[in-house]
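Welcome! Take a moment to turn the structure around on your screen, and then let us walk through it together.

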Amino acid sequence: MGIISIEKADRLFWLGRYAERVLTTLVAFFDFYDEMIDGDEKAYRTYCKKIAIPDVYKSKEDFQQKYLFDGQNPDSVISNMERAFDNAVVIRGELGTYTLSYIQMALDVLKGEGGKADAPAYDLQQVIDYLNAFWGCMDDQTEDEECRNIIKCGKYLERLDLYMRLGYSAKAIDKEFSKFENRLHRVRLPYRRENEDRLREIISLGDGWREYEKEALEALWNLFEVI
Amino acid sequence: MFELVDHTENINRLLARYGVKFGIYKNHEFHEQLFPFDPLPRVISAEEFDFLNRGLSQRVNALNLFLADVYSEKKIIKDGVIPADFVYSSKGYLPQCEKIVPPGKIYSHISGIDLVQGKDKNWYILEDNLRIPSGASYPMIARELTRRAAPATFSRTRIADNRNYAVMLKETLDYVNTGGINVVLTPGRYNAAFFEHSYLAERSGAVLAMPQDLLVENNKLYYRQYGGRNLQVGAVYRRLSDEYLDPLCFLPESLIGVPGIMNVYRSGNVAIVNAPGNGVADDKGIYYFVPHMIKYYLGEEAILKNAPTYLAFYEKDREFILEHLERLVVKDVSEAGGYGVIFGRDLTKEKLRELAEVIKAEPRRFIAQEVIDFIDLGIVEGDHEVPRKADLRAFVLAGKDTRVWPSGLTRFSRNPNSFVVNSSQGGGFKDTWVLSR
Amino acid sequence: MELTFDAPVAEHHFAFRCLPMTEGGQTCYGLQYGIEPSGLLCEITDGFGNRMCTGEALDPHDSLNLRAEGTVYVDRSEAVREELHPLFLFPSAYTAADESLREYLRECRLLEGKDGRRNLPFCLMDCLFRDFSYVPGKTDIHTTAAQAWAGRQGVCQDYAHIFVTLCRLAGYPARYVAGMMVGEGATHAWAEVYIDGAWMGFDPTHNRLTDDTYIKLSHGRDFGDCTIDRGCFKGFASQRQNIYVKVED
């Protein structure tokens, strides 16, 4: 078993969360972007509301620019990518230089594309590619199982959170939840069992879970005691 | 070798991909930038490396004996070879280290010795770095990436593999380890050399530790694992400087230190690499005395020459310095990193007079050296190859024996008129090839 | 000795130099000590040869008590010859001279050998006692010799610093001493000068040589090397240090 400090466990967990946030929000962004091409110019407003970020944007163009590339905007994709990188760079030893490079490259693409992307769904495909490569590489190359489990706890927690907010199907949520539990039971991170039980109950309601959306999200957010 | 130039772009892309960067502070803000890499290597023949290997090992062995002496019996002082002034009023001398016998009796495990090659083909030592010399990671990863980008070059030319640095480092740490894991202690993410700390930890199999990850308990050092089980640490390759290392022993206001680590070290329960207190031996003033040390401790003549150096402390030297100030380079012994280096020829008459006054007022603070006309190395600029000043930082590792890494960090000045090659001042780096026989 | 905090602290690491040393004309035996709340203590000799107690109290606590009791046998009637560490020839953080101290040394030198004064250190002690006043509260533990001298007022630490600075400036190796005197009260500071191959104790605060009523805890370049308590902890709290000393003849 590897040697992981509290600090590193924290970094691994948050790397999982931010890398997942970038990936899932980019994919979701493309869906809303598609709607905005020929129809609803204000679709981004719904998007902001759903993922609970402040709507500080003036127009579709403004949104596209600032939500993706504005490093000053704490909710932007690039800010989340920076945070993923900041967490990743201090756990080079756990990830390996090889795996870490995908995070570096995803960030470099976002930085390089800033301000000139007129076809974001096309230009940013590379970010998605690198992040997927990161996850694959991490699975394959990170020797320590504990490390993989902690990152994945972060990843699936974030994914569940976003899927619930974005209104994904009950089936999709159920699938992610079982992946999450699978990792959760294998790490030494302290967590609240009662929250896990309540989440399971709600999710098992199928489409009926939506009635309890707020409660489910709260149970998820407060699942871990420290992190 | 010149086909490497064609691969420059590929190599640079790889360097960016792997985040080969160093940090600098500008206006109190942290920036990371790529360390400019030049694809043309410095090439050292096998015979020349043999010579350097002997000279550098000899030098580091003498420096280690000197450190052991200075912190215990002080024979070299009593025998009048080095004036007490240069040792015991030096900022680098730490009385807190007095009478500590480090594991394996090694003080300078990893020494970075800066040399230049003069136009006369002679090598001259410029400076010893015995505290936390950095830079080995850059040629290491550059080699890895260059081999990927230009494999043909490497199959044609027999070049000693330099990627063994991690193994050498691990052997050095293992040799002094008192029982427990090896850690690389970094001050943190926003340190100039953070890339190197994390890369060396990964490659040598040591655990990268932030100061808060380490804890002293019952006079032993532990790495705090999440989940509560602490692991004993046997060797710390620390990349933070002495004064910040332990707030109980040095600067009490240090927030990045490990409280109590010096007591653990004094008790022989952990190895600190490099040993605290080494600053007394890599002082620019002590540099003058290294050839004397070699003679005193080893009974040998120094194989590698110092640049001709004058000590303002000695009256005769001082007179000489003041007379020839316009052709000498004056160095402030308390500064590092290319700071506090003044070339007399760059100064106006008035500035020269001012400098002379400062030297007269504080002679102990200054040394002066002849400016060595060192050879230029070609670097690629656009489509051209242009000559630039370059030095070589050789890495000497002391453990079971003393060995020179068959490579080194060649740093060059990007400014055609400058002799200052430090990365903090905008210089770049090259790989250093040692040819196999 | 008792350290109290106005809020609980944790991960408290400490190094105390508060145990009588065995050196020169002083021998310490039968010493028993203990610490509350945590039990584990480790004894180490520091770079100056001082006895140091180190340890840690990791769990939250709002006070830390060290109690030590024992017997010290002091006989300074005979000089104990020992080797000089060259370090004590040079200025240190607290003992760097400024122009005013240099000028004062020149004045003092004029009196050397007059009025039955022996060599320069005696003369310096005399002068300092005359020209510097014992006034608590004018200086603190961070005050350097030059700063204290500028105000001409201070406490035993300042007397010792100024005296040490002047001696070193005059070429006499000198060191700072922290210790206790017979009686009940706080700790005291004085100095030692290396004369004829042995260290001799000077107490400039009282203008006398040290005798068998002085017990040494530590010596060093200056106060910075002889701190009774050095520690660091986690927590937003300020620390109060109380030292109770009782020395019976």
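A nonpolar core, as the term is used here, is a set of buried Ala, Val, Leu, Ile, Met, Phe, Trp, Tyr and Cys residues joined through C-beta atoms within 7 Å. Please keep in mind that what you are looking at is a predicted model.

With that in hand, let us begin inside. The largest nonpolar core has 238 residues, and those that touch the most other members are A:Ile103, A:Ala106, C:Leu124, C:Phe163 and C:Ala191. The biggest contribution to this core comes from helix α1 of chain A (residues 6-38), which gives 13 residues. A second core, separate from this one, has 5 residues, among them B:Leu377, B:Ile379, B:Ala390 and B:Phe412. As background, nonpolar side chains in soluble globular proteins tend to be buried together.

C:Ala191 is a good place to pause. Leaving aside neighbours within four places in sequence, C:Ala191 is in contact with residues including C:Ala160, C:Phe163, C:Val164, C:Tyr176, C:Phe202 and C:Pro204.

Now step back to view chain C as a whole. Chain C contains 4 helices and 16 strands. Its C-alpha atoms fill a box of roughly 60 × 40 × 30 Å along the principal axes. How does the radius of gyration of chain C agree with that of a compact globule? A compact globule of 249 residues would have a radius of gyration near 18 Å, and chain C, with 19 Å, agrees with this. Buried residues account for 40% of the 249 residues in chain C. Among the chain C contacts between residues at least 6 apart in sequence, 70% join residues at least 24 apart.

Chain C also has some backbone details to look for. In the loop between β2 (26-36) and β3 (41-45) of chain C you will find C:Pro37, and the peptide bond leading to C:Pro37 from C:Glu36 is cis, with omega near 5°. Further along, C:Asp196 lies in the loop between β10 (188-195) and β11 (198-203) of chain C. The phi of C:Asp196 is near 50°, a positive value in a residue other than glycine. Is C:Asp196 buried or exposed? C:Asp196 is exposed, because 7 other C-beta atoms lie within 10 Å. For context, most residues other than glycine have a negative phi, and most peptide bonds are trans.

Chain B offers similar details. B:Val273 and B:Asn274 are joined by a cis peptide bond with omega of about -10°, and B:Asn274 belongs to the loop between β11 (271-273) and α12 (284-287) of chain B. B:Lys99, which is not a glycine, has a positive phi of about 65°. Look for B:Lys99 in the loop between α5 (84-88) and β4 (110-117) of chain B. Because B:Lys99 has 14 C-beta neighbours inside 10 Å, this residue counts as partly exposed.

Another loop of chain B, between α13 (290-298) and β12 (305-306), holds B:Ala302. With 18 other C-beta atoms within 10 Å, B:Ala302 is partly exposed. Beyond its neighbours within four places in sequence, B:Ala302 is in contact with B:Pro291 and B:Ile294.

Let us finish with a strand. Strand β3 of chain B (residues 37-44) is mostly covered, with 6 of its 8 residues buried. This strand, β3(B), runs parallel to strand β21 (residues 428-434) of chain B, and 5 bridges join the two. To see one of the pairings, find B:Asp38, whose bridge partner in β21(B) is B:Lys430.

Note on methods
Residues are numbered from 1 along each chain as its sequence is written. Chains are lettered from A and ligands numbered from 1 in the order in which they are written. This is a predicted model: local features need pLDDT of at least 70, side-chain atom pairs count only at pLDDT 80 or more; totals for chains, interfaces and linings use all residues. A residue is buried if 20 or more other C-beta atoms lie within 10 Å of its own, exposed if 12 or fewer, and partly exposed in between; C-beta atoms are placed from the backbone. Two residues are in contact if their C-beta atoms, placed from the backbone, lie within 7 Å. The radius of gyration is taken over C-alpha atoms; the globule rule is 2.2 Å times the number of residues to the power 0.38. Two strands pair if DSSP finds at least two bridges between them.
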